[in-house]
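Q: Could you take a close look at one part of this model for me? I'd like the strand pairing, and then whatever packs around it.

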Amino acid sequence: MEMSSQKRNRYRIMSILLLLCLLVNTSAFAGPKVIAKGVQAAVPSDNAEELRGVWFSYLDWMEMPSDPAAFQMKADRIMADIRSKGINAIFCHVHSHSDSYGKKLKTFPESKFVPTGKTAPQFDPLAYMIQSAHKHGLKFHAWMNPYRVTGYRKSWDDVPADSVLKTWVNNGNILLHEGQYYLNPARKEVQDLLVQSVTELMKNYPVDGVQFDDYFYPSLAKGQAFDTADYQASASSMSLADWRRNNVSTLIHRVHDAVHAVNAGAVFGVSPIALLSGLRNEKAYFVDIDLWMRSNQYVDYIMPQIYHGFEAKNGQGQAAPHAFATCLADWVALKNQLQSPVKLYVGLALYKCGSNVWDGNTVPEWLRYPDILMRQVQYARETGAVSGFGIYDYQNFDDPEKQQELLNLQKVFS
């Protein structure tokens with residue numbers, strides 16, 4: 001879940017027209033009220049237990065100043081801005097590409113996205129981000145991407161020559177797939193390193209939680225090798241897909257234990273893709289979501305990224321299975337069916353608001369209404385099963401076309 005820093009140059013003409021219309025008559029653009037059937041409406045938001053977070057990605061880190069004093073001032077402004085919108089947590093990148101954002105983290109090399117890395121080698125930006133978040137009444141969840149080594153804005157040449165990652169490329173602990181490098185989910189050495197990185201973080205920084213998102217196994221078409229050699233060497237009686245699910249679940253279970261071993265009050269959660277069918281398929285992710293939701297031994301919360309509107313349609317113009325209410329209903333049904341102790345949160349797509357992103361409609365829902373996220377929060381609360389929300393992402397907070405949506409969202413977050 002990320003987007004180019006050039007996004008601010010997109011949709012400007014359409015956004016300005018939308019804002020002018022909103023100034024003339026905001027109510028004309030209010031979306032239809034959608035109520036969850038058979039559920040009494042909930043009181044808006046004086047629930048202190050409801051998690052309301054915002055993601056702060058490596059792209060946001062890139063926009064931070066390299067001077068420590070300027071960094072601190074901007075960090076304070078960011079935390080105050082987040083808190084003023086009724087949000088009570090930040091999900092901040094700590095490992096995004098098998099790298100580190102804190103000076104006390106040695107398992108992985110320092111990230112190229114930390115702006116103070118070369119100009120102020122003694123300054124610890126992560127420590128200050130956590131300090132500032134807590135000072136402003138925000139929980140700090142350390143956001144990590146498991147397995148990813150390279151990707152957008154991060155190449156193999158950016159990995160330091162003396163990093164363990166460079167030595168691993170020759171022994172199978174790192175795999176090259178369609179031009180990108182991944183830690184091999186099948187290897188115990190990889191799991192050990194990832195668990196070590198989590199333990200190191202928990203022992204050195206007062207974080208309130210750890211979060212993984214959807215970077216698990218990449219999409220693997222039939223016949224693509226990836227870790228099949230490890231599967232064959234294991235002589236496992238499981239199918240390849242089940243073996244891969246077990247690899248991921250083993251890591252998730254170990255990370256859950258590592259987080260709680262250091263701080264019993266901290267939480268570990270995962271923010272996967274929206275569709276349960278996507279998680280259960282045989283060619284990507286390999287997330288055993290039913291296993292995770294059945295007990296309290298894997299995750300404390302799950303936060304599917306339901307980054308779709310109420311009116312989302314497929315290519316044939318029919319209501320899509322990923323449409324917000326339909327998709328959320330599947331998650332609520334799973335939680336209820338399993339009597340799951342895992343908290344259900346919902347990730348929401350601020351980045352789509354006011355944009356011309358395709359959603360199967362002639363005119364995208366995201367252009368027609370300035371209150372989609374507000375209504376999604378209201379709808380989710382009415383199910384009685386949702387305990388919190390995540391907003392993607394902080395870099396959109398200053399976009400002109402998002403402002404009315406943010407103001408409406410603040411009404412149910414304040």
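A: Let's start with one residue pair: Gln211 has Gly269 of β7 as its bridge partner. That pair sits in a parallel match, where strand β6 (residues 209–212) and strand β7 (residues 267–270) are joined by 4 bridges. Two strands count as paired here if DSSP finds at least two bridges between them, and strands are DSSP runs of E with at least two residues, helices runs of H or I with at least four, numbered from the N terminus.

Before going on, the ground rules. This is a predicted model, in which local features need pLDDT of at least 70 and side-chain atom pairs count only at pLDDT 80 or more, while totals for chains, interfaces and linings use all residues. Residues are numbered from 1 along each chain as its sequence is written, and side-chain values use heavy atoms, with hydrogens and water left out.

Step back from β6 and β7, and you see a closed barrel of 8 strands with parallel pairing, in the order β1-β2-β3-β6-β7-β8-β9-β10.

Now the helix beside it. α6 lies across β2 (89–95), β3 (139–144) and β6, and runs at about 160° to β3; such angles go from 0 to 180 degrees between N-to-C directions, with axes as lines fitted to C-alpha atoms, for helices over the stretch in contact. Contact means heavy atoms within 4.5 Å. α6 covers residues 188–204, and its 17 residues reach 24 Å from first C-alpha to last, close to the 24 Å expected at 1.5 Å a residue (1.5 Å times one less than the number of residues). Its buried residues include Val190, Leu193, Leu194, Val198 and Leu201, and also the polar-looking names Gln191, Ser197 and Glu200. Buried means under 20% relative accessible area, exposed over 50% and partly exposed in between, with a 1.4 Å probe and protein chains only. By that cut-off, 57% of the 414 residues of the protein chain are buried.

There's an antiparallel pair too: 4 bridges join strand β4 (residues 174–177) to strand β5 (residues 180–183), with Ile174 partnered by Leu183 of β5. Their hairpin has 2 residues between the strands, and Glu178 takes a positive phi near 50° there.

Last, a helix pair. Helix α13 (residues 372–382) packs with helix α14 (residues 403–413) at about 25°, with axes 7 Å apart. The two are therefore roughly parallel to each other (angles under 35 degrees; over 145 is roughly antiparallel, 65 to 115 roughly perpendicular, the rest oblique). Among the residues making this contact are Ile372, Leu373 and Val377 of α13 and Leu409, Val412 and Phe413 of α14.
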